[in-house]
Amino acid sequence: MQAGKAAESRDAGRPLQVTMKRGYEVLRDPHLNKGMAFTLEERQQLNIHGLLPPCFLGQDAQVYSIVKNFERLTSDLDRYILLMSLQDRNEKLFYKVLASDIERFMPIVYTPTVGLACQQYGLAFRRPRGLFITIHDQGHIATMLKSWPENVVKAIVVTDGERILGLGDLGCYGMGIPVGKLALYTACGGVKPNECLPVMLDVGTDNEALLKDPLYIGLRHKRIRGQAYDDLLDEFMEAVTSRYGMNCLIQFEDFANANAFRLLHKYRNKYCTFNDDIQGTASVAVAGLLAALRITKNRLSDHTVLFQGAGEAALGIANLIVMAMEKEGVSKDAAIKRIWMVDSKGLIVKGRASLTSEKQRFAHEHGEMKNLEDIVRDIKPSVLIGVAAIGGAFTTRILQDMAALNKRPIIFALSNPTSKAECTAEQCYKYTEGRGIFASGSPFDPVTLPSGQTLYPGQGNNSYVFPGVALGVISCGLKHIGEDVFLTTAEVIAQQVSEENLQEGRLYPPLVTIQQVSLKIAVKIAEEAYRNNSASTYPQPKDLEAFIRSQMYSTDYTSFVADSYAWPEEAMKVKL
């Protein structure tokens, strides 16, 4: 057996593991540390007997202890620090805790608390996680990648921190996003954490408050743009694939609009890459729409969609909606005509100045309008989607008008964090008289209607998408990730929503089932990859689900034993 590799043999139902580390090295390695769950034999063999209290706790007792400590804390930021500190010292216990109640802990390790954590990252900073690469390291990125201790990396989440959630430019403080995202790769998708790498590309920040912040951990100068920026990205992509292979998944996260689309188009056919803000958000939004169609009892192409916002998320969702409508048999031009967009300057119409090529696609013949309330009355949408991070944009009048225009209006307030949501679940249900079909980007509490019915708002969280996509892509060795992957993912997610879920107001499967949903997504992606010869993992497994399940991370502790064995007696006789 090799050091650090799980063996095939079993001890008390647990896989055996061998490590060459001893003493404090074991306790300070989060991949190995089990705290007081080490048995007496393990403590003696690993030279840690006496370094731990004379107490033996099972993993369930440890989870109970963490949860009790979690409940003692009153602020979500303190809870975030507690959980991330646990991840730093005992990885398996961290993921065991998340899995014990994913609905409770996901809002802490990711949206919405991670937004607050990023804003105060200097204050919350305890121990570095991931790789920090700066604009001044150009020409040496390959060397820096060698500093990372893992030789096998299958998934990278990278950001430059320019557009963190709806909070804007947080520079190096944005590292909390790749760290949190990859934690969900494991918690929701079973991707092995030692095969994941969070990366911050620090090119400076234009946030004056951060430049003056004495605790700021990044470069203290304005963002460097242009050719130097592009050269850094090119070198990074080449260095990653040179070290970890062309199949290494590289997820772009929270890049500003101008760079997000440009880099996606530049790299998507050369590397195994996707942008979660564009494609992940699109997939989860379309999944919600497909589920909503089971309530409205019609087709997607029967709807008129109005977006509040025309950035990465809006354009990504709109393009995937077009693809879904085409699948229903509608022409591309007809599908595009069903979609309208509003940006900071008003309704996007033909002839309006300074439209990007992405926005021009959805510009229609119409007079210019600026007020969203007036636009809703004029366009008469049946679907209203908010992705502009303008809190409260869906006013009482807009919600009431949506209810007047439609029997079952579809209203998605997808902006994060909660403070940026276009409306709350309660406002939507109240002003649409309980008829609104609602989904949000951040979680909202259940709402009880005057009739006594309790509705559970659907949270259109990208965590339904990216863990399953990553698991599927990694498992079958997909080299390029096309848009069809995200439409397939949306369809799988929508299929997992039961009639009972819909009656409760849920447009997404319960979060407690998210790992099963991720597995189904991964299997479907792998099936299609092998069908169209785009997979690179061969021979093709006979049972794809069993194969992918076998690749998934286990949160259960392994047993550590000495690699001891006996020779034949004859060979061990002492010769005199």
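Is Arg 549 buried, exposed or partly exposed? Arg 549 counts as partly exposed, at 47% relative accessibility. This report on a predicted model starts from that residue and its partner, then moves to other salt bridges, the cysteines, the two sheets and a helix pair.

## Salt bridges

Arg 549 forms a salt bridge with Glu 545, and their closest N and O atoms are 2.9 Å apart. Both residues sit in helix H25 (residues 544-551). They are 4 residues apart there, which means a separation of about one helical turn. Glu 545 is partly exposed too, because its relative accessibility is 37%. A further group of charged residues forms a network through shared salt-bridge partners. Its members are Glu 373, Asp 374, Arg 377, Arg 397 and Asp 401.

The whole structure holds 33 salt bridges. One of them pairs Arg 163 with Glu 312, at 3.3 Å between the closest N and O atoms. Arg 163 lies in the loop between strand S4 (155-159) and helix H10 (176-189), and Glu 312 lies in helix H15 (residues 312-327), so the pair ties together parts that are 149 residues apart in sequence. Arg 163 is partly exposed at 24% relative accessibility. Glu 312 is buried, at 2%.

Asp 169 and Arg 223 also meet through their side chains, in a salt bridge of 2.9 Å from N to O. This pair links distant parts of the chain, 54 residues apart. Asp 169 is in the loop between S4 and H10. Arg 223 is in the loop between helix H11 (208-211) and helix H12 (227-244). Both Asp 169 and Arg 223 are buried.

The three pairs are set out below.

| Pair | N to O distance | Separation in sequence |
|---|---|---|
| Arg 163 and Glu 312 | 3.3 Å | 149 residues |
| Asp 169 and Arg 223 | 2.9 Å | 54 residues |
| Arg 549 and Glu 545 | 2.9 Å | 4 residues |

## Cysteines

How many disulfides are there? The count comes to 0. For Cys 272, the closest cysteine sulfur is that of Cys 248, 7.8 Å away. That is too far for a bond, because a disulfide needs the two sulfur atoms within 2.5 Å. Cys 476 is in no disulfide either; its nearest cysteine sulfur belongs to Cys 272, 8.8 Å away. Cys 272 is buried, with a relative accessible area of 0%. Cys 476 is buried as well, at 1%.

## The mixed sheet

An open sheet is built from 7 strands, with mixed pairing. The strand order is S10-S9-S8-S11-S12-S13-S16. Which strands stand at the edges? They are strand S10 (346-347) and strand S16 (458-459), each pairing on one side only. At the S16 edge, strand S13 (residues 437-440) runs parallel to S16, and 2 bridges join them. Ser 440 stands opposite Gln 459 in S16.

Helix H18 (residues 372-379) packs on this sheet. H18 touches strand S8 (305-308), strand S9 (339-343) and S10. The direction of H18 makes about 170° with that of S8.

## The parallel sheet

A sheet of 5 strands is also open, and its pairing is parallel. Its order is S3-S5-S4-S6-S7. Strand S3 (131-134) and strand S7 (273-275) are the edge strands. Each has a single partner strand, so one side of each is left without a neighbour in the sheet. From one strand to the next, the twist averages 25°.

S3 and strand S5 (residues 196-202) run parallel and are joined by 4 bridges. Within this pairing, Phe 132 has Met 200 in S5 as its bridge partner. At the S7 edge, helix H13 (residues 257-267) lies across strand S6 (249-252) and S7. H13 runs at about 160° to S7.

## A helix pair

Helix H5 (residues 91-100) and helix H6 (residues 102-109) have axes that come within 6 Å. These axes cross at roughly 120°. H5 and H6 are therefore oblique to each other.

Which residues meet between H5 and H6? From H5 come Phe 94, Val 97, Leu 98, Ala 99 and Ser 100. From H6 come Ile 102, Phe 105 and Val 109.

Technical notes:
Residues numbered from 1 in each chain as written. Predicted model: local features only at pLDDT ≥ 70, side-chain atom pairs only at ≥ 80, totals over all residues. Heavy atoms only, no water. Buried < 20%, exposed > 50% of the residue type's maximum accessible area, 1.4 Å probe, protein only. Pairing = 2+ DSSP bridges. Contact = heavy atoms within 4.5 Å. Axes fitted to C-alpha atoms, helices over the stretch in contact; angles between N-to-C directions. Parallel < 35°, antiparallel > 145°, perpendicular 65-115°, else oblique.
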